[in-house]
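Subject: Structure handover

Hello,

Here is the structure you were expecting, with the sequence alongside. Please open it before reading the notes underneath.

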Amino acid sequence: MSIIELIFGPQHPALHEPEMFRFHVDGEKVIEAIPRIGYVHRGIEKLFEQKTHVQNIYLSERICGICNVAHTLTYVNVIERAGDIDVPPRAKYLRVIVAELNRLHSHMLLLGAVAELMGFTTLFMLIWRDREKIMDLVELITGNRVISAYNTIGGVRRDIDSDKADKIRKVLLKVEEEWKEYKKTWMEDPTITRRTMGVGILKPRDALKYCVVGPVLRGSGVKSDVRKDDPYEVYGDIPFNVVTYDTCDSWARYMVRVDEILESINIILYALDNLPQGEIRRPLVRRLPEAEAFAKTEAPRGELVYHLYSKGGFKPYRLKVRTPTFANILGATIMFKGERIADIPVILGSIDPCFACEDRHTIVDLRSGKSFMLSSREITRKFSRGSKP
Amino acid sequence: MSSFLGKIIRWSLRRSPWILHFNSGSCNACDIEILAALTPRFDVERFGIKIKASPRHADILVVTGPVTKQQEPRLKRIYEQMPEPKYVIAVGTCTTWGSVFHGSYSTLDGVYKAIPVDVYVPGCPPRPEAIILGFAKLFEKIERGED
């Protein structure tokens, strides 16, 4: 049988984000997957250079609406390192609480959406119903459901009192109970296990070779978590486990997230119990000295890196962002090989793709001054042959 | 279109408007709020609203995002593929004027520059209640018989 090219996207029912995959298929079998990214390119890195450091908090938050807290957290970290700004301990604990709530809602969102992709709509509705409890908590602390602008340079914007802390504790204990039930479903229900077990294998060697990050790497049995390896804020003081599964398939990657939800709940409960007293932010610093700084955090999807170069003044000279999905998409092309067409959405869902995050890079040909965007595969092809880009 | 036929179309649209969700380069915040509006807490399916995968099945196009230059031709193509009568709801502040992405080299700063819009739902992101209000406003518009 001849090889057929199957085009998946950019507007398609599986995910609510535009991207395109070009699959070379032989009958039902996928031979090669070629991602074409760039539909969500909004020129954010260039916009960073036109705005002030304070305005950029709000821009960095809108790189990705799902992991927005992770983005502001990394951004304020990089500014605080460049300006040598010290953050009060209470603010550090509050940042951890909100970052973990963000991880909870992001993982629940993915696990629900994937249940729908597998045709298990009941589970999707149940998970999203329970996710609203987390959204309520985020609203209680920050004032908005999704994008909240909670982190700011030198601290956080709002404080919590004992009433709020009690409410958070009460809701989280209930959510924990529910997730123990959901975990049973994810481990035992044949609707899930037969669709995900043994599908989309990524061996630990390949995972390291293609530099995947976050739950995808941990699903391949590699113990790597920025919160443990290079603690930021107060993660060094909080006891938690790094979840790994070593079956290397889609199921392992989903189970890492299920277990991380339970770990995150424990982190928040610990942080609430050990919340120090004191102020929540320092006076705002608007001007930075000439400095270069680097910050990384564990976003819900993996390692998120910001690299700032400041020449002094109110605006950055250059701010580079490297998001987890950009690292994971190359790993996904390996997972697709040899799988069936029907398994494509399940495998794609297992890397928790967030295309809003990754579509920021452009390649500029200095000779002609023309800028154009390339998919990662085109980059490999063009540059490995040593031809001109 | 005769007025009698128009009445029937308006009546059927009012009872079961099927939507197509299109992300024209948004940050996902509006998209997850649209999805949240479909789930049990808010449940827009009680109005007969259902997400469809193909533009040929849809009556209402729900657009999010500031429309990137990559997505502009795709947005126009999808709008053209939808059968008449068709309506557009633009969700989020960046669909109105670009919001934080205003002035970027790669966005259009507003859905209205690509396709005509019937209802704007501002907010960054708008709450699911606001999105439902946007639908209610559109239904009023349909019942009044405006295009």
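The notes below cover a sheet in chain A and then the contact between chain A and chain B.

Please keep in mind that this is a predicted model.

The sheet in chain A

Three strands of chain A make up an open, antiparallel sheet, ordered 6-7-8. Strand 6 (288-299) and strand 8 (318-322) of chain A are the edge strands, each pairing on one side only. From one strand to the next, the twist averages 5 degrees. Helix 12 of chain A, residues 324-336, packs on this sheet and touches strand 6, strand 7 and strand 8. The direction of helix 12 makes about 135 degrees with that of strand 7 of chain A.

Strand 6 of chain A is joined to strand 7 (residues 302-313) of chain A by 11 bridges. These two strands form a hairpin with 2 residues between them. Among the bridge partners, F294(A) is matched with H307(A) in strand 7, and T297(A) with L304(A) in strand 7.

On the other pairing, 5 bridges link strand 7 of chain A to strand 8 of chain A, and the two run antiparallel. The hairpin that joins them passes through 4 residues. H307(A) has K320(A) as its bridge partner in strand 8, so if you want one residue to follow across the sheet, H307(A) is bridged to F294(A) and to K320(A). In general, strands of a sheet pair through backbone hydrogen bonds.

The contact between the chains

Chain B contributes 40 residues to the contact and chain A contributes 41. Between them the two chains bury about 3300 Å², with 61% of it on carbon and sulfur atoms. On the chain B side, I32(B), R41(B) and V100(B) lose the most area to chain A, together 16% of what that side buries.

There are 3 salt bridges between chain B and chain A. One of them pairs E33(B) with R145(A), with the closest N and O atoms 2.9 Å apart. The polar contacts between the chains come to 9 residue pairs, counted where both residues are at pLDDT 80 or more.

Strand 1 (18-23), helix 2 (29-38) and helix 3 (72-81) of chain B each supply at least two residues of the side that touches chain A. Helix 2 of chain B gives the most, with 7 residues. By type, the chain B side that touches chain A divides into 21 nonpolar, 14 polar and 5 charged residues.

Regards

Methods:
Residues numbered from 1 in each chain as written. Chains lettered and ligands numbered in written order. Predicted model: local features only at pLDDT ≥ 70, side-chain atom pairs only at ≥ 80, totals over all residues. Heavy atoms only, no water. Pairing = 2+ DSSP bridges. Axes fitted to C-alpha atoms, helices over the stretch in contact; angles between N-to-C directions. Contact = heavy atoms within 4.5 Å. Buried area = accessible area lost by both parts, 1.4 Å probe. Salt bridge = Lys/Arg side-chain N within 4 Å of Asp/Glu carboxyl O. Polar contact = N/O pair within 3.5 Å; in protein donor to acceptor, adjacent residues only side chain to side chain. Nonpolar A, V, L, I, M, F, W, Y, C, P; charged D, E, K, R; others polar.
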